[in-house]
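Me: Could you take a close look at one part of this model for me? I'd like one helix and its surroundings, then a word on the charged side chains.

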Protein chains: 2
Amino acid sequence: MAFIDLQNDLPGIRGPMIYRPETGTILNELAEILLHDEDNTLSRGDREMIGAYTSYLNDCFFCQNVHGAMAQHYYECDTQFIDSIKKNFLSADISDKLKSLLTIAGSVQKGGRYVTSEQIEKAKSLGATDREIHDTVLIAAAFCMFNRYVDGLNTWAPKDMQVYIDRAPMRAKEGYSQLGLTK
Amino acid sequence: MAFIDLQNDLPGIRGPMIYRPETGTILNELAEILLHDEDNTLSRGDREMIGAYTSYLNDCFFCQNVHGAMAQHYYECDTQFIDSIKKNFLSADISDKLKSLLTIAGSVQKGGRYVTSEQIEKAKSLGATDREIHDTVLIAAAFCMFNRYVDGLNTWAPKDMQVYIDRAPMRAKEGYSQLGLTK
């Protein structure tokens, strides 16, 4: 049960977002532009994967499953593939460029000062643009916020993984704007 | 020097905010509502202090000095008082309620799962409302994002502490909306 009375029984981040819609709207706008906006050379799948991986590192059950399911939807893969990236992306069947971006995301998760110039140069040498590096850092940083918001208030999350997978197509279609602000 | 070409020489978070105004606008709106909005029973000084303390724990030089100077402005105190809170708030001359909220912020900085029901009950017993606890968690979580954004891109920050102190009154007057989006 959540630490405060959220006045609704919605799972995960949706509970506090409705409880405080003034900030909920802004957080959804941030998710929309970082993860769903079409004006981005990083695929939606890769952006969701960066968020899911950061959430995995932060041990946030709700976020890693919501966004893991989103990546799974965009990649058109199975859950096992997403898990293989979370657990050991260096051995996963993904591009070297995405591996370099996930390395940066992993450093951001520990703290901003953990990102090294070598990690950045590696990403650039594999074709990552400045804007893609910027977005990788901000997506990982944003999930360090979302994860703490979700777990710091002790919100609940559905245990059944299928729930997350079933919701992903609708979320992919609708995006994040206004999500959770209507019951 | 920043890891990517930000196409401007502004310090701290202002550099990447101008580089990517689509997200910069949203981040400023979040800072505005969490730290500056008048519709809050937590004082502006206390909210800035929660941000400064979280930034101190994250070792983010730019953010801890910007927001430490803001708290100093609102509290009408000296830098030594702000430092005494950052370094050992339990011994500082602040209310027990603020101490309980800074305890929660300190847990959020480590990770959402570090917040305990005992910490929440303590805050409630000292008069903290649900909304105040919500905002404390979200402010601390948001600074875990801001700090990572600032340092993960290796932005530069003025070394002279007086720069931060001198800017605080203007920022207190103007708020955060649109900050950094005009050069």
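Reply: Here is a walk along helix α9 of chain A, followed by a buried acid and some salt bridges. Bear in mind that this is a predicted model.

Let's begin with the helix itself. α9(A) runs over residues 161-174, so to speak a stretch of 14 residues, and from first C-alpha to last it reaches 21 Å, close to the 20 Å expected at 1.5 Å a residue. It isn't straight, though: there's a bend of about 35° at A:A168, with a proline, A:P169, following within four residues. At the start of α9(A), A:D160 has a side-chain oxygen within 2.9 Å of the backbone nitrogen of A:Q162. Just past the other end, A:G175 adopts a positive phi of about 75°.

What about the inward side? The buried residues in α9(A) are A:Y164, A:A168, A:R171 and A:A172; A:A168 is also where the helix bends. Their packing partners are α2 (21-36), α3 and α4 (61-75) of chain A.

One of those partners, α3 (residues 44-57), carries A:D46. This acid is buried and has no salt bridge; the nearest side chain of opposite charge, A:K97, sits 6.7 Å away, beyond the 4 Å cut-off for a salt bridge. What A:D46 does have is a polar contact, side chain to side chain, with A:Y75 at 2.5 Å. Leaving out residues up to four places away in sequence, A:D46 touches A:Y75 and A:L98.

Other charged side chains do pair up: there are 18 salt bridges over all chains. In chain A, A:D135 and A:R131 form one at 3.7 Å, N to O. Both belong to helix α8 (residues 130-152), 4 residues apart, or about one turn of the helix. A:D135 counts as buried because its relative accessibility is 0%, whereas A:R131, at 23%, counts as partly exposed.

Over in chain B, B:E22 and B:R20 meet in a salt bridge at 3.3 Å, N to O. B:R20 is buried, with 1% relative accessibility, while B:E22 is partly exposed at 35%. Another bridge joins B:K124 to B:D130 at 3.9 Å; here B:K124 is partly exposed at 28%, and B:D130 is partly exposed at 21%.

Finally, a network of salt bridges crosses between the chains, linking A:R20, A:E22, B:R131 and B:D135.

Terms used:
Residues are numbered from 1 along each chain as its sequence is written. Chains are lettered from A and ligands numbered from 1 in the order in which they are written. This is a predicted model: local features need pLDDT of at least 70, side-chain atom pairs count only at pLDDT 80 or more; totals for chains, interfaces and linings use all residues. Side-chain values use heavy atoms; hydrogens and water are left out. Helices (H or I, at least four residues) and strands (E, at least two) are DSSP runs, numbered from the N terminus. Buried means under 20% relative accessible area, exposed over 50%, partly exposed in between (1.4 Å probe, protein chains only). Lys and Arg count as positive and Asp and Glu as negative; His and the chain ends are not counted. A polar contact is a pair of N or O atoms within 3.5 Å; within protein, one must be able to donate a hydrogen and the other to accept it, and residues adjacent in sequence count only if both atoms are side-chain atoms. Contact means heavy atoms within 4.5 Å. The expected span of a helix is 1.5 Å times one less than its number of residues. The bend at a residue is the angle between axes fitted to the seven residues ending there and the seven starting there.
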